[in-house]
Amino acid sequence: MTDPFLSLPGAVVAEGVDAGVPGHYGEPMREQRALERGTAVVDLGDRAIVTVSGPDRLSWLHSMASQALDRLAPGGSAEALFLDANGHIEHVAHVIDDGERSWLIVEGDEAAALAAFLDRMRFMLRVEVADASTEFAVLGALSTEALDAAVAAAAPAGVALDWRDPWAAGSPGGHRYAAEAGHPGASWTWVERIVPRTALADAAAAVAAGRIAAAGSLAAEALRIAAWRPRRATEVDEKAIPHELDWLRSAVDLGKGCYKGQETVAKVLNLGRPPRRLVLVHLDGSDTVLPAAGDEIIALKVRPEPAEGEQPERRVVGRITSSAMHYELGPIALAVVKRAVPAALELIVESHGIDVAAAQVEIVPADARSAVDVPRLPRLGVRP
């Protein structure tokens, strides 16, 4: 299907994880400002939607997800993770319930796998799983007013399907690794609206008529990165656990009952420390090189008395997960680094054959402590 937003003047198709929707419309920096002011919408037509209907849907989803979903009221929304037995993140879902169906917004390449997983777990419960991506689409904005100017939300059961991101304040029952003072996510008022896919043409027409502006995926990504907000398509790899990305903040209820992966969630929070951690990276823009996802982060180690001509030792300590050119902060990125990397350590990013100087801002701190102080037992044979 042709995306109507790609027919708007100046539309340039995105590459990478957002391929298929406009990356920008010719002025990415201006689009960022409009999006931040709440006067622009983003085409999220590359997202997918899985629906779960039936009277047992909420208690069933609740039993498998990291988030408490059994009491989700009509019109309510939440973020949930589906983990494997070792606590690694497998699926991330933005959940809305309308009283009759639960709507799960996921990355476009996740729908088939998530629907298949849920279908296998139905057993004798009264639930039905379907992929609704061909019928419905998603628009995003930082205000509902912008979305209202573009198109009305779908309301099959009389309830508007607006998913409101809990990242700004966090969700009840969660845990925050990042300090709240000065947290840039406080202004991240992101909303994702489900609409009939045919309504994308109406939204594009509203943009063409000047009733609302359009921003590309590059603008949305730049503001997301600046808000320290993790995303399934970029920050998650096969080893990722929620603690490393500060995802206990918005997608995990630590007081809910048993679910797959809960043992790891509790163990790392209460007794251990995340083996890796998410950081924001400020990049040197003098070479006009913007690192790409997967580029390695290198720590330079210089000996106290190096020999003449000796080069510093280079050690890989992490990787870039997503990057953007921010209208105010310049080149920035999110990255996952080893837990023990000191915050003040000099770093570089190897990208396009160039060493790009980088400075990290801690999101998950290097000294993220255990939630429970467990006394250490004395070693056998050692007198106090």
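## The β15–β16 hairpin and its neighbour

In this predicted model, G318 has V337 of β16 as its bridge partner. That pair belongs to a hairpin: β15 and β16 have three residues between them. The two strands run antiparallel, and eight bridges join β15 to β16, which covers residues 330-338.

β15 also has β14 to deal with. Strand β14 (residues 296-301) pairs with β15 (residues 313-326) through six bridges, again in the antiparallel sense. If you want a spot to start looking at this pairing, try K301, which stands opposite E313 in β15.

As a bit of background for reading any of these strands, side chains in a regular strand alternate between the two faces of the sheet.

## A five-stranded open sheet

Elsewhere in the chain there's an open sheet of five strands. Reading across, the order is β10-β11-β9-β3-β12, and the pairing is mixed. The edges are taken by β10 (162-164) and β12 (213-215); each has a single partner strand, so one side of each is left without a neighbour in the sheet. On average, neighbouring strands here are turned by 30° against each other, with direction ignored.

Inside that order, β3 and β9 sit next to each other. Residues 40-43 make up β3 and residues 136-141 make up β9, and the two pair in the antiparallel sense over two bridges. To find the contact on screen, go to V42: its bridge partner in β9 is G140.

## The enclosed space

Now for the empty space. Rolling a probe the size of a water molecule over the atoms shows where such space is left. With a cut-off of 30 Å³ or more, the count comes to one cavity, and the largest cavity holds about 330 Å³ of space.

Which residues are closest to the centre of the largest cavity? They are R47, H94, E107, E192 and R231, out of 27 residues that line it. By class, the lining splits into 14 charged, eleven nonpolar and two polar residues.

Several elements feed into this lining. Those giving two or more residues to it are β3, β6 (89-97), β7 (101-106) and α6 (217-226). The largest share comes from α6, with four residues. Note that β3 turns up twice in this story: β3 is a strand of the open sheet, and β3 also helps line the largest cavity.

Methods:
Residues are numbered from 1 along each chain as its sequence is written. This is a predicted model: local features need pLDDT of at least 70, side-chain atom pairs count only at pLDDT 80 or more; totals for chains, interfaces and linings use all residues. Side-chain values use heavy atoms; hydrogens and water are left out. Two strands pair if DSSP finds at least two bridges between them. Axes are lines fitted to C-alpha atoms, for helices over the stretch in contact, and angles run from 0 to 180 degrees between N-to-C directions. On a 1 Å grid over the protein atoms alone, a cavity is a set of points where a 1.4 Å probe fits but cannot get out, and a pocket is an open set with protein on both sides within 12 Å along at least five of seven lines; lining residues have an atom within 4 Å of a point. Grid points are joined across faces, edges and corners, and a volume is the space filled by probe spheres set on the points. Ala, Val, Leu, Ile, Met, Phe, Trp, Tyr, Cys and Pro count as nonpolar, Asp, Glu, Lys and Arg as charged, and the others, Gly among them, as polar.
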